[in-house]
Structures are given as C-alpha cells and as structure tokens.
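Subject: A structure for you to look at

Hi,

Here is the structure I promised to hand over. Have a look at it first, and then read on for what turned up.

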Amino acid sequence: MSTTDDILKLEEQRTQAILKADGPTMEKLFDDELVYIHSSGRLDTKRSYIDGLTSGKSAYKAFRFANVKVRVYGDCALVSGDVVIELPTRTLDLRFTNVWVKGGPAGWRHVHWQSVPRPQG
C-alpha cells in the first residue's frame, strides 16, 4: 500500500468519525495541535471541534468529495479537493486543504483543515 493510499484510508476514517461523532476515533486521528478553520472563518482546536460534535452542538449529515488530490512531501501529506457538506440546516459547497503529518509512535496525525466556499457560476 502506498502512502497516498494510507492517507486516503485515514481521510475515510476521519470522515466517518465526524459523521458518527466518534470521539475516541477523532482523539486518535487528530493531533493535539489541530487547527480547524471552517469556511465561515470560525476556528476550532482539537478539543473544541471534538466537544462540539460529541455534545451534539455540531453535526454533519454527509460529505461528498470530488477532485481529491494527495501530495506527499516526506512526513507531510497535503490533501485538497472539493466537498459538498450536508448539515442539518444547510448545504455547503467548498474547496478544502487538509494536512497530515507523520511522526512518533502515533504515525500520521491530522493537523490542519481549512475550507472556503467554491466560486459559483
């Protein structure tokens, strides 16, 4: 299995953990220094993001990814693409960058997410 395949598998695990509000899996995948920048500009840390999901304050219904590319630079992997995210109250059409870093016994860790609205038209 290639590093790209490993990262895509981790991305699927991350997505499923978010959809299921699976705190233990997110704890395992997310680095303690996670920076999560929403398309609205709101910033979450690992703790605030996981707490929001596991408390029910935040929820996601579905993710539909397209044009996903993985670029590996040694112990850093950049994942970018487009995603439609279904929330309970609205749907977001976004472009994203996600960063994974490999280090120590934990292996690959999710360290950064940033998304912006995709241009319309």
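**Salt bridges**

K46 and E27 form a salt bridge, with their closest N and O atoms 3.3 Å apart. K46 belongs to helix α3 (residues 46-54) and E27 to helix α2 (residues 23-29), so this pair ties together parts that are 19 residues apart in sequence. Before going further, please keep in mind that this is a predicted model.

Are the two partners buried or exposed, or something in between? K46 has a relative accessibility of 6%, so K46 counts as buried. E27, with a relative accessible area of 29%, is partly exposed.

E27 also forms a salt bridge with R47, and here the closest N and O atoms are 2.5 Å apart. This pair again links distant parts of the chain, with R47 in helix α3 and E27 in helix α2, 20 residues apart. R47 counts as partly exposed, at 40% relative accessibility.

Another salt bridge joins D93 and R118, whose closest N and O atoms are 2.8 Å apart. D93 sits in strand β5 and R118 in the segment after β6, which puts them 25 residues apart. Both ends are partly exposed: the relative accessible area is 25% for D93 and 26% for R118. Salt bridges with shared partners also join E27, D32, K46, R47 and D51 into one network. Searching the whole structure gives ten salt bridges. As background, side chains of opposite charge can pair when their charged atoms come close.

**The sheet**

In what order do the strands of the open sheet lie? The six strands follow the order β2-β1-β6-β5-β4-β3, with mixed pairing. At the edges stand β2 (43-45) and β3, each with a single partner strand, so one side of each is left without a neighbour in the sheet. From one strand to the next, the twist averages 15 degrees.

To see one pairing in detail, look at β1 and β2: they run antiparallel and are joined by three bridges. For I37, the bridge partner in β2 is L43. If the words are new to you, strands of a sheet pair through backbone hydrogen bonds, either parallel or antiparallel.

**Aromatic rings**

A pair of aromatic rings is described by the distance of the centres and the angle of the planes. The count here comes to seven aromatic pairs. One of them is Y36 with W113, a stacked pair with 5.6 Å from centre to centre and 15 degrees between the planes. Y36 lies in strand β1 (residues 30-37) and W113 in strand β6 (residues 108-117), so the stacking links parts of the chain 77 residues apart. Both Y36 and W113 are buried.

F65 and F96 make an edge-to-face pair, because their planes stand at 75 degrees, with the ring centres 5.6 Å apart. F65 is in strand β3 (residues 62-73) and F96 in strand β5 (residues 91-102), 31 residues apart. F96 counts as buried at 2% relative accessibility, whereas F65 is partly exposed at 31%.

Ring pairs link F30, Y36, Y49, Y60, F63, F65, F96 and W113 into a cluster. F65 has a further role to note: with L8 and V68, F65 forms a nonpolar patch on the surface, and together the three have about 210 Å² of accessible area.

Happy exploring, and best wishes!

Notes
Residues numbered from 1 in each chain as written. Predicted model: local features only at pLDDT ≥ 70, side-chain atom pairs only at ≥ 80, totals over all residues. Heavy atoms only, no water. Phe/Tyr/Trp six-rings, centres within 6.5 Å; stacked < 30°, edge-to-face > 60°. Helix = DSSP H or I, 4+ residues; strand = E, 2+ residues; numbered from the N terminus. Buried < 20%, exposed > 50% of the residue type's maximum accessible area, 1.4 Å probe, protein only. Patch = residues over 30% accessible without salt bridge, like charges linked within 9 Å, V, L, I, M, F, W, Y side chains within 5 Å. Areas by Shrake-Rupley, 256 points an atom, 1.4 Å probe, with all protein chains shown as cover. Salt bridge = Lys/Arg side-chain N within 4 Å of Asp/Glu carboxyl O. Pairing = 2+ DSSP bridges. Axes fitted to C-alpha atoms, helices over the stretch in contact; angles between N-to-C directions.
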